[in-house]
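Q: Please take one part of the model shown below and look at it closely. I would like a connected account of how that part is built and what surrounds it.

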Amino acid sequence: MSDSQPATATELAAAEEAAAKSKNRRLQLIASLLILLAALGLWAASRMTWATILVKPDLGPGVDIPVRGSDWSPWLVPVALAMVAAVIAQFAVRGWALRIVAILVALGGVLALFPAISLLTEGQDNLFITKMVDVPARAAFFGIPIESTPGYLVIASAICAIVGAIAMARTARKDAMSSKYSSPAARREELERQVFAARDRAAAADQAAPSERIMWDSLDEGLDPTDDGIDDEPGSAK
């Protein structure tokens, strides 16, 4: 077939398939980067000081007790680890399983928002954190000054996780759509492409018609590859 001849239906389908796979890989990369950034942000926030409890025991000098993110919200690190595992699972599962993974990542991002909101809205009044650290008994509290930076870091990480989960869910949909034989209609369309491509090659090479295997597959699908009344475009009305 000369270079000036138009591309066959099979070649066009292959080009569309390659473009879909390329877009799918880009979405996977975006999802992976965002979710890994979210996991890194949550881990970093768990190591930061969120507040300082100022106490004065009955006897002796005052004590400043730092409250880290892992004290304020013990599930920050487990959520970060789960997000890393989700990135790995993204390349091992497909379809509905991948959608479930994406939903879990999004839920992890939403879950991480609660301690950040608690810190930023009622941090100084959150006396529950005194139970999360080792505070001397019968100590008098002078205040609980907070640090807002960890809260904003957690919010940014949660947003990254949610957006990454959306991108991951889109890759699951792309995978399902790119399956050639996911339904009888998709199989019929693919067989039509093969039949017409084989007829084009046979006509160009002055040979006889499509291969025996394609003809039998076509007959199984209710197609007649030898029907000259079929239009030149695949999927057209007969």
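A: The account below begins with the overall frame, turns to the sheet, and ends with the surroundings of its strands.

The model is predicted, so local features need pLDDT of at least 70 and side-chain atom pairs count only at pLDDT 80 or more, while totals for chains, interfaces and linings use all residues. Residues are numbered from 1 along each chain as its sequence is written, and side-chain values use heavy atoms, with hydrogens and water left out.

The protein has 7 helices and 3 strands (DSSP runs numbered from the N terminus: helices H or I of at least four residues, strands E of at least two). Read from the N terminus, these elements follow the order α-β-β-α-α-α-β-α-α-α. Of the 238 residues, 35% are buried (under 20% relative accessible area with a 1.4 Å probe, protein chains only; exposed is over 50%, partly exposed in between).

The sheet is open and consists of 3 strands in the order 2-1-3, with antiparallel pairing (two strands pair if DSSP finds at least two bridges between them). Strand 2 (63–68) and strand 3 (140–143) stand at the edges with a single partner strand each, so one side of each has no neighbour in the sheet. Neighbouring strands are turned against each other by 35° on average, direction ignored (axes are lines fitted to C-alpha atoms, with angles from 0 to 180 degrees between N-to-C directions).

Strand 1 (residues 49–56) is joined to strand 3 by 3 bridges, the two running antiparallel. Along this pairing, Lys-56 has Ala-140 of strand 3 as its bridge partner, and Val-55 faces Phe-141 of strand 3. Strand 1 is also joined to strand 2, here by 6 bridges and again in antiparallel fashion. In this second pairing, Thr-49 has Arg-68 of strand 2 as its bridge partner.

Strand 1 also takes part in an aromatic contact, for the structure holds 1 aromatic pair (Phe, Tyr or six-membered Trp rings with centres within 6.5 Å; planes under 30 degrees apart are stacked, over 60 edge-to-face, the rest tilted). The ring centres of Trp-50 and Trp-72 lie 5.8 Å apart and the planes stand at 35°, so this pair counts as tilted. Trp-50 belongs to strand 1 and Trp-72 to helix 2 (residues 69–72), so that the pair links distant parts of the chain, 22 residues apart. Both partners are withdrawn from the surface by the criterion above: Trp-50 is buried with a relative accessible area of 0%, and Trp-72 is buried with a value of 4%.

The surroundings extend into the largest nonpolar core, which has 35 residues (buried Ala, Val, Leu, Ile, Met, Phe, Trp, Tyr and Cys joined through side-chain atoms within 4.5 Å). Leu-42, Ile-53 and Met-83 have the most contacts inside this core. Strand 1 and strand 2 each give two or more residues to the core, as do helix 1 (9–47), helix 3 (76–90), helix 4 (95–122) and helix 5 (149–178). The largest share, 7 residues, is supplied by helix 4.

In summary, strand 1 is paired with strand 3 through 3 bridges and with strand 2 through 6 bridges. Strand 1 also carries Trp-50 of the aromatic pair and gives two or more residues to the largest nonpolar core.
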